[in-house]
Amino acid sequence: MELGWLLWGAAVPLLLHVLMELSPAVNFALRIGFYCLLCVVCSALTVPVCLLVNGGRTVKNMRIIKTVVKTFKYFFGLRFEVKGLENFEVEGPAIIVSNHQSILDMMGLMEVLPDDCVQVGKKELMYAGSVGLIIYLGGVIFINRKSTTSAKMVMAEVAKTMATDNVKVWVYPEGTRNCTGDLLPFKKGAFHLAVQAQVPVIPVVYSSFTTFYNPKKNLFTSGKIKVEVLPPIETKGLTSDDVSDLTDRCFCTMRETLFRLSGCPS
């Protein structure tokens, strides 16, 4: 009986390996499944640590979360090449904006996340079990993307939080995931916030994932991700009339950087 279990125990991993080699769809599904499982298990194990160390919801928990998530890349053969971290070293609050490609962005986020930085995320994430709980404990600010009024109220609260807690805020201005190798048009909320609070905008650009990750092609392999933190864009003296120009300027700079990092013609 024990021999039978041993044989099954050896046969199942071997069969999965063969299927992964033969079928891109199976390989993609298993790797995504493992990634999701890793997120759920690690967040469940990290919740009590955050509660014991920091006592509840606070941006300080992001240090713990960051340490855990930075180990994920080794499971998937991902390498990060990071430049420009010194550009995060601005005095006081700032708005950080970056491109948003896939569910793998969390690994990229934690690879460079500065201290005392909170993220703005969609409200639905709050109900994602242990994952929702751990990001809640990390101080993530949830926004209802379907309600413009609600979103504006949240962003107004974010401005107050930046001023009172002296934190940076990380926003994905595309508003949704985009794994096309290009940028979607930017929403202006983050830039209105930056101008309202008179704080700098710090763009962060990740190279395209399309060479190793593409759901439409069932592609998920190992790969290298280039990350560049660009110099801060000052907003002091700007008014609401300048928001469109600020948005366009940031979009063009980030798009040009995305193409350069990805080795694509602009």
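These figure legends walk through several close-up views of one predicted model.

**Figure 1. The whole protein, before we zoom in.**
Start with the parts list: the protein has 9 helices and 9 strands. There are 266 residues in the protein, and 45% of them count as buried. The surface that the protein exposes comes to about 14,100 Å², and carbon and sulfur atoms supply 60% of that area. Now think about who touches whom. Take the contacts in the protein with a separation of 6 or more: residues 24 or more positions apart account for 75% of them.

**Figure 2. Strand β2 and its two partners.**
Here we look at β2, residues 95-98. Which way do its side chains go? I95 and V97 point one way, I96 and S98 point the other way, and all of them are buried. On to the neighbours: β2 is joined by 3 bridges to strand β5, residues 168-171, and these two run parallel. If you want one pair to find, the bridge partner of I96 in β5 is W170. β2 is also joined to β6, this time by 4 bridges, and again the strands run parallel. To spot that pairing, look for I95, which stands opposite V201 in β6.

**Figure 3. Strand β3, between β5 and β4 in the list of pairings.**
Is β3 mostly covered or mostly open? It is mostly covered, with 5 of its 6 residues buried. β3 pairs with β5 in the parallel sense, over 3 bridges. Look for Q119 here, as it stands opposite W170 in β5. W170 may ring a bell, since it is also the bridge partner of I96 from β2. β3 has 3 bridges to β4 as well, and those strands run parallel too. In that pairing, K122 has I143 of β4 as its bridge partner.

**Figure 4. K123, just past the strand.**
K123 is found in the loop between β3 and α6. How exposed is K123? Its relative accessibility is 37%, so it counts as partly exposed. Skip the neighbours within four places in sequence, and K123 is in contact with F142, I143 and N144. You can also find V140 from here: K123 and V140 are 17 residues apart in sequence, and their C-alpha atoms are 9.9 Å apart in space.

**Figure 5. Helix α6 and what covers it.**
Helix α6 spans residues 129-137. Which of its residues are buried? They are S130, G132, I134, I135 and L137. The cover over these buried residues includes α2, α3 and β4. After the helix comes G139, with a positive phi near 90°.

**Figure 6. Helix α9, from one end to the other.**
Helix α9 has 20 residues, 243-262, and reaches 28 Å from its first C-alpha to its last, close to the 28 Å expected at 1.5 Å a residue. Its buried residues include V243, L246, T247 and C250. Further along, M254, T257, L258, F259 and L261 are buried too. Wondering about the spacing in that list? An α-helix has 3.6 residues a turn, so residues three or four places apart point the same way. What covers the buried residues of α9? The cover includes two strands you have already met, β2 and β6, along with α8 and β9. Next after α9 is G263, a residue with a positive phi near 70°.

**Figure 7. A nonpolar patch on the surface.**
Time for the outside: F34, L37, V41, L45 and F75 form a nonpolar patch on the surface. Together they have about 480 Å² of accessible area. Which helix gives the most to the patch? That is α2, residues 24-54, with 4 residues. F34 lies in this helix, and with a relative accessibility of 36% it counts as partly exposed.

**Figure 8. Two loop residues with positive phi.**
Neither residue in this view is a glycine. D116 has a phi near 55°, a positive value, and is found in the loop between α5 and β3. Its relative accessible area is 41%, so D116 is partly exposed. N166 also has a positive phi, about 55°. You will find N166 in the loop between α7 and β5. With a relative accessible area of 45%, N166 is partly exposed.

Definitions and conventions. Residues numbered from 1 in each chain as written. Predicted model: local features only at pLDDT ≥ 70, side-chain atom pairs only at ≥ 80, totals over all residues. Heavy atoms only, no water. Expected span 1.5 Å × (residues − 1). Buried < 20%, exposed > 50% of the residue type's maximum accessible area, 1.4 Å probe, protein only. Contact = heavy atoms within 4.5 Å. Patch = residues over 30% accessible without salt bridge, like charges linked within 9 Å, V, L, I, M, F, W, Y side chains within 5 Å. Areas by Shrake-Rupley, 256 points an atom, 1.4 Å probe, with all protein chains shown as cover. Salt bridge = Lys/Arg side-chain N within 4 Å of Asp/Glu carboxyl O. Pairing = 2+ DSSP bridges.
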